Amino acid sequence: MFMQADENDEGEVSQMTYGGREGILFAIDVQKTMLDENENKAANFRLALQAIEATMKNIVISNQKDLVGIVLFNTVHSPNSYNEVVFADLVIPSNMSVLLFMDIPSVANITFLQSFHTSDDLLDFANRYGSNCDAKFDEVIWLCMRMFQKSGYKLQSSTIVMFTDNPLPHPPDSPEYQQAFVKARDLHQLDVEFSVIPMHEPFDLNLFYRDFISSAMNTDMEIFELDSPARDIESLSNRIYKRSYRKRCNMRLKMNLGDNLKLSVGVYSSVRHVRYPKPLKVFRKTNEIIIRKGVQEIYNETDGSVQPLLPHKQKKSQEFGAKNIVLTIQEIAMMKTLLPASIHLLGFKPRTCVKICNYFKHGSFLYPDETEISGSTKIFRALWKRCLERKKVAICVLTLRHKSTPRYVALVPQDNYFQENYQIDYNGFLIIQLPNMDDIRDFNSLKPQVTAVNNEQVQIFEQIIYKLKFRYHPKQFNDPALRSIYSNIEAFAFHTDGENVEDETEPDTDFQDNKILDIVEAIVEKFGELVIINPKRKNTETGDNSRKTPKLTRPVMNKEEILEVFRSKQQNKLTVNVLREYLQQIGVSGISNARKSSLIDKIKEYHNL
């Protein structure tokens, strides 16, 4: 899903102004079928708690200030929550219990959740909470909405995620069934997102949840789809994590189509750079974070007094024609504000005009927004559908925010696209920034040497590319350094052993060699043997004291030759490539990033020299 990203002064996507925290409430059904388990299958209730724990750890990494709460329904008793938050005007309905009131996912909360689902009896769940089937669905929704209101923070978005294996909480002709749809309208009015995660297969969506979620989310029932049941913790946590970003947009703008026709849209980031944790300075004795603030002051040399220089009194100057032009902060802001933050439609071009070679910066995603202008979704969908049918792109001027530089962009329509059960593209417009003339380079001026090849040689390497090609997905590759950092932080916080992080970005050379093994002979036949040429190093020293030290540059050396060089104390004359190739030949690993001295030590250790 599309996530927040940062923006610099050049006009890329920036973090939106603070609009509050995000709150996510997990409602778990604890009726008897959710608690049943045997040796071959863990209880659905345990799986739900494990998925919530994984989600809380993800929230700590991404947005540690977001709030998480847990509600249990179909219980007999209602003990106090773990964090023991009590409100006099919040009455918990019968057959429900608050396991965790709205709070940040702290170490204490995650540790409690771990101890809860890892204990044999779920911390005496049968006696402390109990289980029945008497909870009312509308009261569960009411309790969740009240917990959002009593969270104590301004919430930018609110989400309810329900874990259940019961596709029909109440009979269709019962009053409770009708009251549930009244609460669905309340969810829509309060802009609270609702989703259900089925914990049992089969799960008939048509009995209740298709109509309820379509009413709560104001979506068409024909295009609504529910995820299939899953018992994989990673899959469950990823679903929750992706849902929490559905309503988070970087900014909301007005799109001007001409003739006083406007609609409101939201800009989402299609690519998010995962950043390393920032180092913080802490006080040595108390470990409190030190906050530094810069203050500009004016020093009076006459009497030695110091007065603060407020921002509205500051001025800046620039030299033009041997004169200093003084500008105030307000005048500089007016000069930078060329256009208000909006999107202006200029015209349309064929889709073939947007070429991949004109890639300038990573694009954003455009989707309609009904909060500013009602009816924007219909106009947006009509524009998107017509551009998609006629294979056109919309050329616009985009000003993302106040004082940012306007950019020429192309709005490329894209349709839903799935790849191996993962959704890659979504309905909407992809914002592609168009380069200026200064951004386009002339590669012909480099005058590259053209190598003459025939069709047979080209076909050989086409076969290699075909055999080594695979379907890419970002989940296949993780930053090993970043994973190692968070693994160590998690191990330190929870007093556990750190994860052994494997570098998934390194290619499997043995697998690649086996894939193209039958083509190697054809390469040798068409191109000849591979000739290794060691480049000569330039002598950086000058004068009479500079000496040239001869290097042994043979690509491969056998055991006798290596031992002879080491016995004669001339191993420093061997190149790094020769040392590395010899160690690879004898089967020594861990040498890809080793220095020359380390390679020499490994050879001495291997031969006991």
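## Glu 22 and its neighbours

The side chain of Glu 22 reaches the side chain of Ser 157 in a polar contact of 3.4 Å. This is a predicted model, so read that distance as computed from predicted coordinates. Glu 22 sits in strand β1, which covers residues 21-29.

How exposed or buried is Glu 22? With a relative accessibility of 7%, Glu 22 falls in the buried class, because the cut-off for buried is under 20%. Asp 66 is 44 residues away from Glu 22 in sequence, yet the two C-alpha atoms are 5.0 Å apart in space.

## The nonpolar cores

Let's turn to the cores. The largest nonpolar core is built from 37 residues. Inside this core, the residues with the most contacts are Phe 137, Met 162, Leu 187, Phe 194, Tyr 209 and Phe 212. Helices and strands both feed into this core: at least two residues come from each of β1, β2 (67-73), β3 (96-103), β4 (155-164) and β5 (192-198), and likewise from each of α5 (137-149), α6 (175-189) and α7 (209-217). Helix α5 gives the largest share, eight residues. In soluble globular proteins, nonpolar side chains tend to be buried together.

Tyr 209 is a good one to click on. Leaving aside residues up to four places away in sequence, Tyr 209 touches Phe 137, Met 162, Phe 194, Val 196 and Phe 203, along with Thr 164, Asn 166, Pro 167 and Pro 169. Another core, of 29 residues, lies apart from the largest one, and its members include Ile 28, Val 30, Met 34 and Leu 47.

## Cysteines without a bond

How many disulfides does the structure hold? Zero. For Cys 396, the closest cysteine sulfur belongs to Cys 387, and at 9.0 Å that is too far for a bond, because a disulfide needs the two sulfur atoms within 2.5 Å.

Burial varies too. Cys 396 is buried, at 0% relative accessibility, whereas Cys 133 is exposed, with a relative accessible area of 54%.

## Around helix α16

Further along the chain, helix α16 spans residues 576-586. Which of its residues are buried? They are Val 578, Leu 579, Arg 580, Tyr 582 and Leu 583, so an arginine is on the buried list too. The buried residues of α16 pack against two helices, α15 (559-567) and α17 (596-607).

Just after α16 comes Gly 587, which takes a positive phi of about 90°.

Conventions:
Residues numbered from 1 in each chain as written. Predicted model: local features only at pLDDT ≥ 70, side-chain atom pairs only at ≥ 80, totals over all residues. Heavy atoms only, no water. Helix = DSSP H or I, 4+ residues; strand = E, 2+ residues; numbered from the N terminus. Buried < 20%, exposed > 50% of the residue type's maximum accessible area, 1.4 Å probe, protein only. Polar contact = N/O pair within 3.5 Å; in protein donor to acceptor, adjacent residues only side chain to side chain. Core = buried A, V, L, I, M, F, W, Y, C linked by side-chain atoms within 4.5 Å. Contact = heavy atoms within 4.5 Å.
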